[in-house]
Amino acid sequence: MSGRFITLEGGEGAGKSSNLQWLAARLREAGVAVTVTREPGGTDLAERIRQVLLAPSDEPMADLTEMLLIFAARAQHLATLIRPALDRGDWVLCDRFMDATWAYQGAGRGLDPDDLAALEKVVLKGLVPDRTLLFDVPVSQGLSRAGKRSEPDRIERETLDFFERIRDCYRRRAEAEPQRFRLVDAGRDPAAVRAQLEAHIKEMLTWR
């Protein structure tokens, strides 16, 4: 069986992380070898970069610094975890990947798309997820959920407009690549969300 790369995307409080292990368990029940990971992070070094990215600080982080740190973590993640797992035939489930960078740093921060595209080419070297599950939820609903979890991190403290731009970018990317994206109505109750995910799992298992 060939390795497959499946990413989960969405804004704050969309439910990606809470469904990630459940998705992995369902795939393992079907006999699939699964590696679960996240971005930024996934390896010891990349997780340390994540801490720097998300920790509130008295020194404001420049937008360019943020973008470069994310790509540095991604380069390490790809080299030491994602590509080796795919090479051995695992299905990699990743909580956020390159689409998040286009949404958060591109649309949210307003960084130059040419710079993003250049770094994407250098770091990803053509790797594209086989499937992207986009957990879509109204921004106010997602932020309300996220606010109940813990103290907000540096990015969660951004403005409502920032997160609206992110959601709009995600939806536009999904419309542009319908062969890769599957939309999950994440504003519904947990049982309804998982019913949607079951349908997507069945579709993905036809790859084998």
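The following conversation goes through a predicted model, asking what lies behind the words used for its sheet, helices, loops and cavity.

Modeller: The model is predicted, with residues numbered from 1 along each chain as its sequence is written, and local features need pLDDT of at least 70, while side-chain atom pairs count only at pLDDT 80 or more. Totals for chains, interfaces and linings use all residues, and side-chain values use heavy atoms, with hydrogens and water left out.

Biologist: What makes strand 2 and strand 5 the edges of the open sheet?

Modeller: The five strands stand in the order 2-3-1-4-5, with parallel pairing; strands are DSSP runs of E with at least two residues, helices are runs of H or I with at least four, and both are numbered from the N terminus. Two strands pair if DSSP finds at least two bridges between them. Strand 2 (34-38) and strand 5 (181-185) each have a single partner strand, so one side of each is left without a neighbour in the sheet. Neighbouring strands are turned by 20 degrees against each other on average, direction ignored.

Biologist: How do you know that strand 1 and strand 3 pair?

Modeller: Strand 1 (residues 4-10) and strand 3 (residues 91-95) share five bridges in the parallel sense, and the definition asks for at least two. As one example, T7 has C94 of strand 3 as its bridge partner. Helix 3 (residues 63-87) packs on this sheet and touches strand 1, strand 2 and strand 3, where contact means heavy atoms within 4.5 Å.

Biologist: Why are helix 3 and helix 4 called roughly antiparallel?

Modeller: Helix 3 and helix 4 (residues 98-108) pack at an angle of about 175 degrees, with their axes 11 Å apart. Angles run from 0 to 180 degrees between N-to-C directions, and the axes are lines fitted to C-alpha atoms over the stretch in contact. Angles over 145 degrees count as roughly antiparallel, and helix 3 and helix 4 therefore earn that description. Their contact is made by E66, M67, I70, F71 and R74 of helix 3 with M98, T101 and Q105 of helix 4.

Biologist: What is unusual-sounding about P40 and R96, and where does each one sit?

Modeller: The peptide bond from E39 to P40 is cis, with omega near -15 degrees, and P40 is placed in the loop between strand 2 and helix 2 (44-54). R96, in the loop between strand 3 and helix 4, has a positive phi of about 75 degrees although it is not a glycine.

Biologist: What makes a space a cavity, and what lines the largest cavity?

Modeller: On a 1 Å grid, a cavity is a set of points where a 1.4 Å probe fits but cannot get out, and lining residues have an atom within 4 Å of a point. The largest cavity is lined by 14 residues, with G11, E12, V137, V139 and R167 nearest its centre. Helix 7 (160-176) is one of the elements that supply at least two lining residues, and the largest share, four residues, comes from helix 7.

Methods
1 Å grid on protein atoms, 1.4 Å probe; cavity = no way out; pocket = protein on both sides within 12 Å on 5 of 7 lines; lining within 4 Å. Parallel < 35°, antiparallel > 145°, perpendicular 65-115°, else oblique.
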